[in-house]
Amino acid sequence: MNSANNDGSNVETIIDSGISNPEGFAIDWMSGNMYFSSFANGGNRASISVAKLNGAYRAEVISTGLTKPNSLVVFPSEGLMFWSEVGNTSNQAIYRSKMDGTEITAIVQNLNMPASLKLDSKTKTLYWVNR
């Protein structure tokens, strides 16, 4: 995982080990944390993790029940996180949990490759595309 100034300068690596196939990525602008999803090929290891924007204090918030978490958005003012799960072909879905990974629930099920989740925090509306 990397960062740079918005003009492309000052590129730096934030996290360079212990992560396979990073997919979803979201910034909690209220706490200065970043959330990211990753999975191992073969579906035997997947997680959603959190770290400070400089990569410090990295921790998994969800490490069970995932096969291929894809897109990820956070709603810090509500303390919520949303992600799409595309690894289980019989029930690809969008999930919600608290930002600490508790209270996981499927909110939209039986989708076809849900991706590119976006949240309009003003209207509290979640958007996505099906691939």
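**A tour from K124 inwards**

Select K124 to begin: with a relative accessible area of 53%, this residue is exposed, because the threshold for that class is anything over 50%. Bear in mind from this point on that the model is a predicted one. K124 is found in the loop that runs between strand 11 and strand 12, the latter covering residues 125-130. If you display its backbone torsions, you will find phi of K124 near 60 degrees, a positive value in a residue other than glycine. As background to that value, most residues other than glycine have a negative phi.

Next, step back along the chain to S116, which is found in strand 11, residues 114-120. Here too phi is positive in a residue other than glycine, with a value near 55 degrees. S116 sits at 41% relative accessibility and so counts as partly exposed, since that class lies between the 20% and 50% limits.

**The whole chain**

Now zoom out and colour by secondary structure, which shows twelve strands and zero helices in the chain. Read from the N terminus on, the elements run β-β-β-β-β-β-β-β-β-β-β-β. The radius of gyration of the chain is 14 Å, close to the 14 Å given by the globule rule for 131 residues, so the chain is as compact as a globular protein of that length. If you align the view to the principal axes, the C-alpha trace spans about 45 × 40 × 25 Å.

With a surface switched on, the chain exposes about 7,300 Å², of which carbon and sulfur atoms supply 45%, while buried residues make up 40% of the 131 residues. Selecting the charged side chains picks out 10 positive and 11 negative ones, and the centres of these two sets lie 5 Å apart. For a contact map, note that among contacts with a separation of 6 or more, 28% come from residues 24 or more positions apart.

**The aromatic pair**

How many aromatic pairs does the chain have? The count comes to one aromatic pair. To see it, select W83 and Y95, whose rings are stacked, at 5.8 Å centre to centre and with 15 degrees between the planes. W83 lies in strand 8 (residues 80-85) and Y95 in strand 9 (residues 92-98), so the pair ties together parts that are twelve residues apart in sequence. W83 itself, at 1% relative accessibility, counts as buried.

**Q92 and its contacts**

Stay with strand 9 and select Q92, which has its place there. Is Q92 buried or exposed? At 4% relative accessibility, Q92 counts as buried. Leaving aside neighbours within four places in sequence, Q92 is in contact with E85, V86, Q109, N110, L111, N112, M113 and P114. A distance drawn between the C-alpha atoms of Q92 and F25, which are 67 residues apart along the chain, comes to 19 Å.

**P76, the last stop**

Finally, select P76, which has its place in the loop between strand 7 (69-75) and strand 8. Although P76 is a loop residue, P76 counts as buried at 12% relative accessibility. Which residues is P76 in contact with, once its neighbours within four places in sequence are left aside? They are D28, W29, M30 and M99. For W29, 47 residues from P76 along the chain, the C-alpha atoms of the two residues are separated by 7.6 Å.

How values were computed: Residues are numbered from 1 along each chain as its sequence is written. This is a predicted model: local features need pLDDT of at least 70, side-chain atom pairs count only at pLDDT 80 or more; totals for chains, interfaces and linings use all residues. Side-chain values use heavy atoms; hydrogens and water are left out. Helices (H or I, at least four residues) and strands (E, at least two) are DSSP runs, numbered from the N terminus. The radius of gyration is taken over C-alpha atoms; the globule rule is 2.2 Å times the number of residues to the power 0.38. Buried means under 20% relative accessible area, exposed over 50%, partly exposed in between (1.4 Å probe, protein chains only). Contact means heavy atoms within 4.5 Å. Accessible areas come from the Shrake-Rupley method with a 1.4 Å probe; for residues, only the protein chains shown count as cover. Lys and Arg count as positive and Asp and Glu as negative; His and the chain ends are not counted. The place of a charge is taken as NZ of Lys, CZ of Arg, CG of Asp or CD of Glu. Rings of Phe, Tyr and Trp (its six-membered ring) pair if their centres lie within 6.5 Å; planes under 30 degrees apart count as stacked, over 60 as edge-to-face and the rest as tilted.
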